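Colleague: I'm new to reading protein models, and I'd love to go through one with you. Could we take it question by question?

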Amino acid sequence: MGTSKGRLTLPSESNFLQETKELLERWGADAIRDSDGTKLDEDIKQLDAKIYTTYFVARGHNDFATEHMEECQQLYLMSTFNLAKDTQVTIDFMDGYFKEQLKPDYIHDAKKYWEVIDRTSGKIVPTDQWSLNQEENTVIVNQAIPYHEYTVSFLVYAIWDPTQMYNHITNNWGDKPHDIPFDLRQPASHNYAKKYLKQWLKDNPDTDVIRFTTFFYHFTLVFNNLGKEKFVDWFGYGASVSVAALDAFQAEYGYALRPEDIVDQGYYNTTFRVPSKAYQDYMDFVQRFVAQEAKELVDIVHEAGREAMMFLGDNWIGTEPYGKYFGQIGLDAVVGSVGGGATLRMISDIPHVKYTEGRFLPYFFPDTFYEGNDPVIEANTNWLTARRAIMRNPVDRIGYGGYLSLAYKFPEFVNYIELVADEYRGIYDIVKGTKPFTALKVAILNSWGAIRTWQTHMVAHALPYKQIYSYLGVLETLSGAAMDVRFISFEDILANGIADDIDVIINAGDAETAFSGGDIWTNPKLVTTIREWVDHGGGFVGIGEPTAHQFQGRYFQLADILGVEKERGFSLSTDKYFTQQVDSHFITDGLDISECIDFGESMKNVYALSEATEIVEYSDGEVHLAANQYGKGRGVYLAGLPYSEVNARLFIRALYYAAGKEESYTIWNSDNIFVEVHAYPEKGKFAIVNNSNTEQTAKIYDGQGEGRDVTLAASEIRWEEII
């Protein structure tokens, strides 16, 4: 079904012409790209396809960078905690850092830009009580208090780009030069970037699409003394800091940033931290600068008659695609790596561009494509999880990255991608540009709101962590569900209330994180606005430790809506009478709650507040799933939600229940957790989709809720007309 060619980007490399031509035909590719570490030769550039060329604005120009080392990018770092046993303590502040990546800034006045903190008291150590030894990379603290711990917050120059460093190590690049990143906020770098791009465009007439990778500032990625990742935060703004930026910020905002505003006790303002006003001001400051400078480069590309594409990764900080200034850049396209449904929607929903492109997994790197391994397994998992999201809003193009010569050695993989490409194009031709059937409108509530659209609970893009997988099921489920999803902040509610068309609000996260909210829940206006909204018919779903902050005798500040509270030891003297699990409930109807439902890391010591709370799952002395009537509305509590087919079905049912729309559940749905129905009324079509690798039989329901039985082959999509 659909077009058999196009909408696919093929990676290639030098001396691989005939194989490239073969896969260009087999996969139906209409664009060819290079990758970090590969180049396209002239014969490949002459093939009948658009040519993408990776372009590094602020790295890969070592001839310039080595002559302007004072304009290297900078970071604020914090030393380890150092215990004083006497009145003097010497701190080796570079201890644990990789000296091939980082070099202390001894150009600027350390007494002005560095900070020594007594971490036991939280007080700043006066500058006259510490001294710097540049030869030893140490700070000596005098008049220290014995058995207090001390840290140094210090500026460094980044002398090796972290992505190139990662690729250098992964792909054994040996003696290949280390890319030195430079800062476009600096005068020589600013002028060089524009001048070089203009000349580069003249020297590369065969390039149709300039793939900026990305613009100026890398997400926070710092390596340890062993050359392994020490700190990585895909959202971190640490590498955008410089003395020039600090001075410009103070001039504009009227106050100076402290080093602590950046190092943040060693947490570096990870996206899980409730953001301070100073940090939010700094983010806005950087985003405006990056948008302005990036627009100048994009304008140069457009003047040369080419397209400008941004890679959503590497040096993407400041180009937040759901931020206030992204549209000002004027990009033609954004491309990003697809780890699953949530990351696909993160890309496909991006506004202000002509098209979006998803780079699917696996990358054609030797850590996957080696003798004895089957890359089809990863490719299949990646495709099936992303396909759910594609059914809601597809990216405009798909593609792969890495060394094509590696992938070519695996014929079964080549065959599989051929099938994937054809299936994707068939879906795209029907789905793109039409509004799919939507059952509910849900809002995910946290400290970040829209700027973190489809990005909550991520650390390093889609990498797994023990502390997050219990929440990632929320986004992964919603990415392919028949629901409109928006992301709102607490400040949005405080300023504007709750939109009339929202059916359910979701608050999910561990206590005191940006995703749960922390002490914002002590704001009476916030809690009363939500209470009134639920009382009048809204639905509120809490996962993990929602609305959690100890205040006025409550830990869950909306425990009255959720029907549950968490015991923290303060109310052990009060008996907890209510432990009886209900015999059945809409949320778990048809699901085996005793064996199949996974609450992940779960939560301890959650109990029902009263007999009115419907305990849906109770085991090991804990309430893991509960529902509660609250006026005309409802609250639902879940202890955790990793992604699985069972959990996805459970969560969707919980949302219908919270919204009070159980009667609509069977419309465009199925009774099989592995089978979903996606309807497109404007096109007069619907799709029955088997999300598993085995044959499935299901009762599927049409737009009137009428059911019939179907059997689908493994991974099958079956398109039918709406009658």
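Colleague: Where is Thr214 found?

Modeller: Good place to begin, and please keep in mind that this is a predicted model. Two strands help us here, β13 (209-212) and β14 (220-223). Thr214 is found in the loop between β13 and β14.

Colleague: Is the peptide bond from Thr213 to Thr214 cis or trans, and what is its omega?

Modeller: Omega is the angle to look at for this bond. The peptide bond from Thr213 to Thr214 is cis, with omega near -20°.

Colleague: Which residue does a cis peptide bond join to Leu361, and where is the place of that residue?

Modeller: The bond in question has an omega of about 5°, and Leu361 is joined through it to Pro362. As for the place of Pro362, look between β18 (355-359) and α11 (375-390): it is in the loop there.

Colleague: Let's turn to backbone angles. Is Gln143 buried or exposed, and what is its phi?

Modeller: Gln143 lies in the loop between β11 (138-142) and β12 (149-158). Its relative accessibility is 58%, and the cut-off for exposed is over 50%, so Gln143 counts as exposed. Its phi is positive although the residue is not glycine, with a value near 55°.

Colleague: And is Ser602 buried or exposed?

Modeller: Ser602 also has a positive phi in a residue other than glycine, near 60°. You can find Ser602 in the loop between β26 (564-566) and β27 (606-608). Its relative accessible area is 17%, and buried means under 20%, so Ser602 is buried.

Colleague: How many salt bridges does the structure hold?

Modeller: Some of them join into a network, such as the one that links Asp30, Glu357, Arg359 and Arg397. Counted over the structure, the number of salt bridges is 40.

Colleague: Which residue meets Arg119 in a salt bridge, and how many residues apart are the two?

Modeller: The side chain of Arg119 meets that of Glu260, at 2.9 Å from N to O. Arg119 is in the loop between β8 (115-118) and β9 (123-124), while Glu260 is in helix α8 (residues 260-263). This pair links distant parts of the chain, and the separation is 141 residues.

Colleague: Is Arg119 buried or exposed, and with which side chain does it make a polar contact?

Modeller: At 18% relative accessibility, Arg119 falls under the 20% cut-off, so it counts as buried. Its salt-bridge partner Glu260 is buried too. The side chain of Arg119 also makes a polar contact, 2.9 Å long, with the side chain of Thr151.

Colleague: What does Arg452 form a salt bridge with?

Modeller: The closest N and O atoms of this pair are 2.9 Å apart, and the partner is Glu320. Arg452 lies in the loop between β20 (440-446) and α14 and Glu320 in the loop between β16 and β17, so the salt bridge ties together parts 132 residues apart in sequence. Both residues are buried, and the partner you asked for is Glu320.

Colleague: In the salt bridge of Arg653 and Asp589, which residue is buried and which is exposed?

Modeller: These side chains meet at 3.7 Å, N to O. Arg653 lies in helix α18 (residues 645-659) and Asp589 in the loop between β26 and β27, so the pair ties together parts 64 residues apart in sequence. At 6% relative accessibility the buried residue is Arg653, and at 52% the exposed residue is Asp589.

Colleague: Which side chain of opposite charge is nearest to Asp314?

Modeller: Asp314 sits in the loop between β16 (307-311) and β17 (333-337). The side chain of Asp314 makes a polar contact of 3.2 Å with the side chain of Thr163. Asp314 is buried but has no salt bridge; the nearest side chain of opposite charge is 4.4 Å away, and it belongs to Arg59.

Colleague: Why is helix α14 described as largely enclosed by the rest of the structure?

Modeller: Helix α14 covers residues 469-479. Among its buried residues are Tyr471, Val474, Leu475 and Leu478. The helix is largely enclosed because the buried residues number nine of the eleven.

Methods. Residues numbered from 1 in each chain as written. Predicted model: local features only at pLDDT ≥ 70, side-chain atom pairs only at ≥ 80, totals over all residues. Heavy atoms only, no water. Buried < 20%, exposed > 50% of the residue type's maximum accessible area, 1.4 Å probe, protein only. Helix = DSSP H or I, 4+ residues; strand = E, 2+ residues; numbered from the N terminus. Lys, Arg positive; Asp, Glu negative; His and termini not counted. Salt bridge = Lys/Arg side-chain N within 4 Å of Asp/Glu carboxyl O. Polar contact = N/O pair within 3.5 Å; in protein donor to acceptor, adjacent residues only side chain to side chain.
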